[in-house]
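Dear colleague,

Please find below the structure I promised to hand over, together with its sequence. My notes on what was found in it follow directly after.

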Amino acid sequence: MNDLIASLKEYISEERFKKIEMISANRTNHVTIAVENLYQSHNMSAVLRTAECLGIQNVHIIENSFQYQINKEVSMGSDKWLTIHRYNGKPDNTQACLQHLKQQGYKLVATMPSEKDTMIDDIDISMPTAFVFGTELLGLSQEAITMADEFVKIPMYGFTESYNISVSVALTMMNVCQRLRKSDINWRLSDNEIMALRLEWVKKSIKDVDGILKRYSEQNVPK
């Protein structure tokens, strides 16, 4: 992988490669975002933009009734640099997504008020954590609530009952990521994950990457 990256980086500027190195070193999989059934594309695109800006690499999109369409004016290209998982193969994809996250070792935190909720400042983030957000109008489904390990809420001081979903994601994940980066938790990607991400991003930075990869493969056939 190192040899391929070394070969491909000759096709991009030194400044671009240094930026790829810096950003990949600050990416995290320790926390992730799962969003259930958003129907407004600008909200989902804003979630992706927030995740990318905060260095959260993986975003999970549950599409039960509504299919996600990228709003390029809102996402500002953030989807290009993220690993996006879409769950849309069944009438109800919530269980498939949340089971997958549990199997990956994530604690599921539902972002909604509950009798057993915890304020965002106090949520334990020492173990890998997936924050699950619901629809604009109805919040999380009963299935998501049932599968959640914990519940978290964001402080509110006005008459309005809730934040806009993209704002809720931004407030929650900004809090979590700031705390994470100030902690001694091992939140960064592994060396192998960083190298794989750098390779992916270098390829995405090259216009004729398929032709270049083909030539590289032909020149490096074992003899």
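I begin with the second largest pocket, whose lining residues divide into 6 nonpolar, 2 polar and 5 charged. Please bear in mind throughout that this is a predicted model.

The second largest pocket holds about 250 Å³ of space. It is lined by 13 residues, and those closest to its centre are Lys19, Ile23, Arg27, Glu52 and Trp201. Two elements, helix H2 (14-25) and helix H3, give two or more residues to this lining. Helix H2 contributes 4 residues, the largest share.

The largest pocket has a volume of about 590 Å³. Its lining consists of 24 residues, and Thr111, Met112, Pro113, Ser162 and Tyr163 are the ones nearest its centre. By character, the lining of the largest pocket divides into 14 nonpolar, 7 polar and 3 charged residues. Strand S7 (150-153) and helix H7 each provide at least two residues of that lining.

Helix H7 deserves a separate paragraph. This helix covers residues 165-182, 18 residues in total, and spans 26 Å from its first C-alpha to its last, close to the 26 Å expected at 1.5 Å a residue. Its buried residues are Ile165, Ser166, Ser168, Val169, Thr172, Met173, Asn175, Val176, Cys177 and Leu180. The elements covering them include strand S1 (31-36), helix H3 (41-54) and strand S6 (129-133).

Helix H3 therefore appears in two settings: among the elements that cover the buried residues of H7, and in the lining of the second largest pocket. Serine 45 also lies in helix H3. Is this residue buried or exposed? Serine 45 is buried, because its relative accessible area is 0%, and the cut-off for a buried residue is under 20%. Apart from neighbours within four places in sequence, serine 45 is in contact with Tyr68, Gln69, Ile70, Asn71, Val74, Ser75 and Ser78.

Finally, I turn to the strands. S1 and S2 run parallel and are joined by 4 bridges. Within this pairing, glutamate 36 has isoleucine 62 of S2 as its bridge partner. Strand S2 (residues 58-62) is mostly covered, with 5 of its 5 residues buried. Asn58, His60 and Ile62 point one way from S2, while Val59 and Ile61 point the other way, and all are buried.

With kind regards

Terms used
Residues are numbered from 1 along each chain as its sequence is written. This is a predicted model: local features need pLDDT of at least 70, side-chain atom pairs count only at pLDDT 80 or more; totals for chains, interfaces and linings use all residues. Side-chain values use heavy atoms; hydrogens and water are left out. The expected span of a helix is 1.5 Å times one less than its number of residues. Buried means under 20% relative accessible area, exposed over 50%, partly exposed in between (1.4 Å probe, protein chains only). Contact means heavy atoms within 4.5 Å. On a 1 Å grid over the protein atoms alone, a cavity is a set of points where a 1.4 Å probe fits but cannot get out, and a pocket is an open set with protein on both sides within 12 Å along at least five of seven lines; lining residues have an atom within 4 Å of a point. Grid points are joined across faces, edges and corners, and a volume is the space filled by probe spheres set on the points. Ala, Val, Leu, Ile, Met, Phe, Trp, Tyr, Cys and Pro count as nonpolar, Asp, Glu, Lys and Arg as charged, and the others, Gly among them, as polar. Two strands pair if DSSP finds at least two bridges between them.
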